[in-house]
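Biologist: I would like a close look at a single part of this protein. Please take one helix, then follow the charged pairs around the chain.

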Amino acid sequence: MAGKTPDNWHARTKAVHAGTRRSQYNEMSEAIFLTQGFVYDSAASAEARFLQAGPDEFIYARYGNPTVAMFEDRIAAIEGTEAAFATASGMAAVNGALASMLRTGDHVVSARALFGSCLYILEDLLTRYGVEVTFVDGTDLAQWRAAVRPGTKAVFFESISNPTLEVIDIPAVAEIAHAVGALVVVDNVFSTPVYSRAVAQGADVIIYSATKHIDGQGRCLGGVILGTRDFIRKTVEPYMKHTGGALSPFNAWVMLKGMETLDLRVRAQTASALAIAQALEGDARLSRVLYPHLPSHPQYAIACAQMEAGGTLLSIDVAGGKDAAFRFLDALEIFKITNNLGDAKSLVTHPATTTHQRLADDRKAALGITPGLIRLSVGLEDAGDLIADLRGALDAI
Ligand SMILES: Cc1ncc(COP(=O)(O)O)c(C=O)c1O
């Protein structure tokens, strides 16, 4: 049965205890209910449950599962939303949130600086079903103001964009969106639940790829959609239930365990990310160091007002372009070349040739995804070792 989570607990306490459901064995660690279904006491109880399942009554793992419910309740408690629906991946969450709420003829305004798969959903997929999408420079409030109109159903943006780390002013965009009755849908992956204050800042729907910091150890795919009870139960749940993007109970268990150390990991990784950004800024072999809490960041003031710290990701631009970037990547010893982020291990990505390869060169240029741009996801290793690894690789270019 689900235990109570006192509202006055701090996020760190909630991250360890919220949502815990114990079976009749009163196990200490959360159980993995690795089952697709549930047995009913009688035909009549099956009928009753299909008619209206109670909060601790489950039908089929595509609809819900006790381990998945623990994860949903825990992350909703931390984020401060009424409800959550867990999904098979971050992209299942982005698609589930948008596709479940939109209809043919609806209008959406989206920031143009998006992760490649988010861009696919907004630009290629939703438009195929007759949803009109207007793209704006997410950092330019005048463009948001000009793009929204009565009948705009939603605005969508990554609160910190992947990989150029543009910071969107959540309260200002929310005010513009709410004035026309649009929902504010935020992909909050780079902010992490540790630094997020998205609900207080006006977000209506918050999305995480749990694959990133929430697992935090590169093991499982997962995602989550957070919002009001009404939105999650009436809009998201029927769509997800019937289209099959559910989170596996095993992965939910990994995410639950990940949440216990989320705050400690993210704060330690963030401290190292800031130290690295400060150490690299000004290096003549780099044309840019992008980190939200560096005073040189174009949205530094917004980033400071919006987030207690700058997060675990930074991007650097190697002055010599793609060849120099590749030499740099190949010379790294601790940082691993991959496309994930938010891991305990430090990771590097060359967006122009991987996550954003699909974009035409002129669009990459407009978004600042230059041939020399490299995204760094800072892990839990010693910050001095990481700085030495990066400096050694810069010497090799
Ligand atoms: C901003 C953002 N949104 C969504 C996703 C997708 O998450 P997943 O890989 O879990 O589907 C990613 C993954 O890199 C991301 O960076």
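Modeller: What follows starts with helix 3 and its partner, and then turns to salt bridges and one polar side chain. This is a predicted model, in which local features need pLDDT of at least 70, side-chain atom pairs count only at pLDDT 80 or more, and totals for chains, interfaces and linings use all residues. Residues are numbered from 1 along each chain as its sequence is written, and side-chain values use heavy atoms, with hydrogens and water left out.

Start with the helix itself. Helices (H or I, at least four residues) and strands (E, at least two) are DSSP runs, numbered from the N terminus. Helix 3 covers residues 66-79, which is 14 residues. The expected span is 1.5 Å times one less than the number of residues. For helix 3 that gives 20 Å, and its end C-alpha atoms are 20 Å apart, so the two agree.

Now the two ends. At the start of helix 3, a side-chain oxygen of Asn65 comes to within 2.8 Å of the backbone nitrogen of Thr67. After helix 3 comes Gly80, with a positive phi near 85 degrees.

Is helix 3 largely enclosed or open? Buried means under 20% relative accessible area, exposed over 50%, and partly exposed in between (1.4 Å probe, protein chains only). Of the 14 residues of helix 3, 13 are buried, so the rest of the structure largely encloses this helix.

One neighbour is helix 10, residues 249-280. Two packed helices are described by the angle between their axes and the distance between the axes. Axes are lines fitted to C-alpha atoms, for helices over the stretch in contact, and angles run from 0 to 180 degrees between N-to-C directions. The axes of helix 3 and helix 10 come within 8 Å and cross at roughly 35 degrees. Contact here means heavy atoms within 4.5 Å. On the helix 3 side, the touching residues include Phe71, Arg74 and Ile78. On the helix 10 side, they include Trp253, Leu256 and Glu260.

Arg74 and Glu260 also belong to a network of salt bridges, together with Glu30 and Lys257. A salt bridge is a side-chain nitrogen of Lys or Arg within 4 Å of a carboxyl oxygen of Asp or Glu. By this rule the count is 19 salt bridges.

Three other pairs are worth a look. Asp106 and Lys153 meet at 3.3 Å, N to O. They lie 47 residues apart: Asp106 is in the loop between helix 4 and strand 2, and Lys153 is in strand 4. Asp106 has 10% relative accessibility, so it counts as buried. Lys153, at 35%, is partly exposed.

Arg149 pairs with Glu132, with the closest N and O atoms 2.7 Å apart. Arg149 sits in the loop between helix 6 and strand 4, and Glu132 in strand 3, 17 residues apart. Both are partly exposed: Arg149 at 32%, Glu132 at 40%.

Asp317 and Arg288 form a salt bridge at 2.8 Å, N to O. This pair links strand 9 to strand 8, across 29 residues. Asp317 is buried at 5%, while Arg288 is partly exposed at 28%.

Last comes Asn95, in helix 4. Its side chain and that of Tyr239 are joined by a polar contact of 3.2 Å. Such a contact is a pair of N or O atoms within 3.5 Å; within protein, one must be able to donate a hydrogen and the other to accept it, and residues adjacent in sequence count only if both atoms are side-chain atoms. Leaving out residues up to four places away in sequence, Asn95 touches Ser100, Ile121, Leu125 and Tyr239.
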